[in-house]
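Have you ever wondered how the words used for a protein model are decided? Let's take them one at a time and check each against its rule.

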Amino acid sequence: MASEHTPMAQQPSTEATRAPSVGELTPPNRTLMGPGPSDVNPRVLRAMSTPLVGHLDPAFIEIMDEVQELLRYTFRTDNQWTIPVSGTGSAAMEAAIGNVVEPGDTMLVPTNGYFGGRMASMAQRAGGKVVEVDAPWGEPLEPDDVADALAEHDPDVFGFVHAETSTGVLQPTVPELTAAAHDHDALVIADSVTSLGGVELRVDEWDIDVAYSGPQKCLSCPPGASPLTLSDEAMEKVLSREEDPRSWYLDLSLLEGYWGEERAYHHTAPITNVYALREALRLVAEEGIEARWERHLEMAGALKAGVEAMGLGLNPEDEYWLPSLNAVRVPDGVDDGAVIETLLENYDLEIASGLGDLEGEIFRIGCMGHSARPKNVTYLVNALGSVLEDEGADIDAAAGAEATAKKL
Ligand SMILES: Cc1ncc(COP(=O)(O)O)c(C=O)c1O
């Protein structure tokens with residue numbers, strides 16, 4: 001019988017001891033038109049295959065400076081405190097909320113989508129008291145409702161989602177919301193995961209105190225290093241906390257040692273993800289941030305024209321349509337899951353279903369970053385029309401394709 005003293009070679013071969021035979025990595029070549037990740041520009045993928053340097057190498061320190069400068073440009077901010085957080089968008093989100101919300105603080109969060117709910121969970125775990133400003137899924141926040149909730153609850157922090165990926169709603173009137181919050185001395189945290197680099201976002205001009213994002217949406221970069229920016233006022237609150245944040249890894253007062261002037265070790269940065277982000281942000285700077293917002297509007301406009309001409313409706317009103325995430329209503333009698341599966345299997349094309357209150361009601365079609373181009377939009381409108389017709393939907397696929405072609 002094998003015991004812990006039996007030499008390895010004499011141990012009976014089991015699933016655990018046998019070396020697995022796993023083939024070379026050959027992922028399918030998808031066209032990514034879902035809620036993220038989006039298609040990655042080949043330049044970003046090439047940057048990811050360049051040689052590794054150490055996270056304290058002078059060459060990497062220079063790269064860190066460049067990434068911070070490019071992030072400030074993309075966020076439209078002069079905030080000194082602008083960094084990529086190691087991890088996905090949720091890490092930047094938790095870094096924002098977990099540092100700014102102190103135990104006993106009140107945070108006002110929205111109810112109009114999935115990610116407002118995630119804000120609430122994170123604020124609660126940070127020891128905060130959560131209060132809500134109500135709006136239905138698929139609608140933006142009304143400034144009057146926000147003002148009323150601020151007056152009623154007098155929160156320390158107000159969080160809102162600029163681009164709600166679960167509903168395809170772009171929050172308009174941002175400067176009005178931030179002004180109302182500041183009248184009550186509340187700091188404002190904006191979720192810009194699906195807006196940064198694709199939809200107009202002006203952190204300084206709109207007086208947003210803290211904004212976080214993800215790289216895999218309109219920046220078209222693989223997930224792994226996620227943008228975060230904090231104003232001096234917000235950072236002052238973070239640095240004068242009475243109690244340490246509950247996460248050591250995301251404690252901004254410790255991360256300050258690495259991303260601030262000292263450049264001392266805190267944790268090993270995801271070097272390759274930082275390379276990728278640098279290249280993705282270089283692409284933003286080359287294109288020009290405003291031209292990039294304009295491209296997203298044009299490409300998503302062609303997509304929207306196509307699905308509407310086909311006979312499908314978008315869930316949000318035009319005034320708060322989010323170009324980077326199109327919430328298209330599932331036509332009557334159609335199984336959304338079957339359509340999504342066929343697009344993936346037969347067209348290598350990814351779109352997604354609705355979440356939460358909108359499950360089964362909408363398709364979520366992204367138009368982000370490198371995916372926001374004529375080739376992808378044309379392919380999407382043609383494939384979707386064809387699959388919906390095969391599913392027996394009462395639509396006009398040819399009219400959709402024609403309307404998109406006219407706009408491109
Ligand atoms: C609006 C919004 N916030 C937060 C997140 C969380 O980001 P991640 O999934 O990268 O952790 C997402 C992801 O889709 C998002 O769309």
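Q: In β10, which residue is the bridge partner of V210, and what makes β9 and β10 a pair?
A: The partner of V210 in β10 is L230. Two strands pair if DSSP finds at least two bridges between them; β9 (residues 210–212) and β10 have three, in the antiparallel sense, so they count as a pair. Helices (H or I, at least four residues) and strands (E, at least two) are DSSP runs, numbered from the N terminus.

Q: What kind of model is this, and how are residues numbered?
A: This is a predicted model, where local features need pLDDT of at least 70 and side-chain atom pairs count only at pLDDT 80 or more, while totals for chains, interfaces and linings use all residues. Residues are numbered from 1 along each chain as its sequence is written, and side-chain values use heavy atoms, with hydrogens and water left out.

Q: How do you know that strand β2 pairs with β10?
A: Seven bridges join β2 (residues 81–87) to β10, and the two run antiparallel. T82, for instance, stands opposite T229 in β10.

Q: Why is Y275 called buried?
A: Buried means under 20% relative accessible area, exposed means over 50%, and partly exposed is in between (1.4 Å probe, protein chains only). Y275 has a relative accessible area of 9%, so it is buried. Its place is in helix α9 (residues 271–287).

Q: Why does D145 count as partly exposed?
A: The relative accessibility of D145 is 34%, so partly exposed is the word for it. D145 lies in helix α5.

Q: How many residues of β10 are buried?
A: Seven of the seven residues in β10 (residues 224–230) are buried, and the strand is described as mostly covered.

Q: In the open sheet β11-β14-β13, what makes β11 and β13 edge strands?
A: The three strands stand in that order with antiparallel pairing. β11 (325–329) and β13 (352–353) each have a single partner strand, so one side of each is left without a neighbour in the sheet. Two bridges join β13 to β14 (residues 362–366), and S353 stands opposite F363 in β14.

Q: Which helix gives the most to the negative patch?
A: Helix α5 (residues 143–153) does, with four residues. The patch lies on the surface, and its members include E132, D134 and E319.

Technical notes. Patch = residues over 30% accessible without salt bridge, like charges linked within 9 Å, V, L, I, M, F, W, Y side chains within 5 Å. Areas by Shrake-Rupley, 256 points an atom, 1.4 Å probe, with all protein chains shown as cover. Salt bridge = Lys/Arg side-chain N within 4 Å of Asp/Glu carboxyl O. Lys, Arg positive; Asp, Glu negative; His and termini not counted. Charge placed at Lys NZ, Arg CZ, Asp CG, Glu CD.
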